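Q: I have a model open in my viewer and would like to learn how to read it. Could you walk me through it, starting with what burial means?

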Amino acid sequence: ITVHADVLELQDLIAMLNGMLQRLDAALIQQRRIISDVGHDLRTPITAMRGELEVALRTPRSPVEYQALLRSVLEEVDRLAGLGDALVALARLEAGEAILDRRDTDLVALVQHEARRFAARHPALALAPPETPAPATSVTVDARLLGLALGQLLENALRHVPPGTPVRTGVRDEDAGVALVVEDAGPGVPAEQLPRLFEPFFRQDLARTRGGAGLGLTLVRSVAQAHGGAVLADRSPLGGLRVRVVLPRAPAG
């Protein structure tokens, strides 16, 4: 909206209206991206499950083959469940409606639990602790949300590195606090894209894009901020991407 009058009050009103229109326009653009990207992520596992089930129904199979099919379908169900959990958690965090259930949590035990869970689901993923692991560290956090964020980081690493590529995860002491670390030896991310990794639904370049709505790292950022911490990305000593969720040693606020 343009105004040609010199009345200061009218100019202020027009500026406020233009600001509101810009925010609405940005929200509509983001909504379209969410619908497109999440729709793609929902369609991919559903299409995979449908195809596997249709093939299985065409001819009888051995019990071993049926078990392999069920494991594959279960993996796709886990992907759908993880996407649903991430969407709900992100919506609540972004709206400021999430209530954190803060409890003393051993971060090393939490990381080991998530690593074992992923190793069981993805045997080809070469999980290993960081080179300089921290001792057992207890921090007051919402363990469920933090575990969900760590799971998103591991899922991101799994999606963007070749099978068998080394991936390290663990806990480190840092000057700013205690850091959860996930790093890989994959193709990495260009330096100019690192600051944008945590933007909602940002898609990386094709070297690391193998599906995914860019939702996971946005959720990680929101979880870190809800705990008074931060999430940082840089180049891993392994050659790929390193993401650190740095948490304060004492509860924020």
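A: Happily! A residue counts as buried when its relative accessible area is under 20%, as exposed when that area is over 50%, and as partly exposed in between (1.4 Å probe, protein chains only). Here, Arg 244 is buried because its relative accessibility is 13%. This is a predicted model, in which local features need pLDDT of at least 70 and side-chain atom pairs count only at pLDDT 80 or more, while totals for chains, interfaces and linings use all residues. Residues are numbered from 1 along each chain as its sequence is written, and side-chain values use heavy atoms, leaving out hydrogens and water.

Q: What percentage of the residues of the chain count as buried?

A: Of its 253 residues, 39% count as buried.

Q: How do I read the helices and strands, and what pattern does the chain follow?

A: Helices (H or I, at least four residues) and strands (E, at least two) are DSSP runs, numbered from the N terminus. This chain has 5 helices and 7 strands, in the order α-α-β-α-β-β-α-β-β-α-β-β along the sequence.

Q: What is a salt bridge, and how many does the count come to?

A: Side chains of opposite charge can pair when their charged atoms come close. The rule asks for a side-chain nitrogen of Lys or Arg within 4 Å of a carboxyl oxygen of Asp or Glu. By this rule, the count comes to 6.

Q: Which residue forms a salt bridge with Arg 244?

A: Asp 234 does, with the closest N and O atoms 3.6 Å apart. That pair links distant parts of the chain: Asp 234 is in strand E6 (residues 230-235) and Arg 244 in strand E7, 10 residues apart. Asp 234 also forms a salt bridge with Arg 242, where the closest N and O atoms are 2.8 Å apart. Arg 242 is buried, with a relative accessible area of 14%.

Q: Which residues are linked in a network of salt bridges?

A: The network links Arg 172, Glu 174, Asp 234, Arg 242 and Arg 244. Within it, Glu 174 forms a salt bridge with Arg 172, their closest N and O atoms being 2.8 Å apart. Glu 174 is buried too, at a relative accessible area of 14%.

Q: How should I read contacts along the chain?

A: Contact means heavy atoms within 4.5 Å. Among contacts between residues at least 6 apart in sequence, 70% join residues at least 24 apart.
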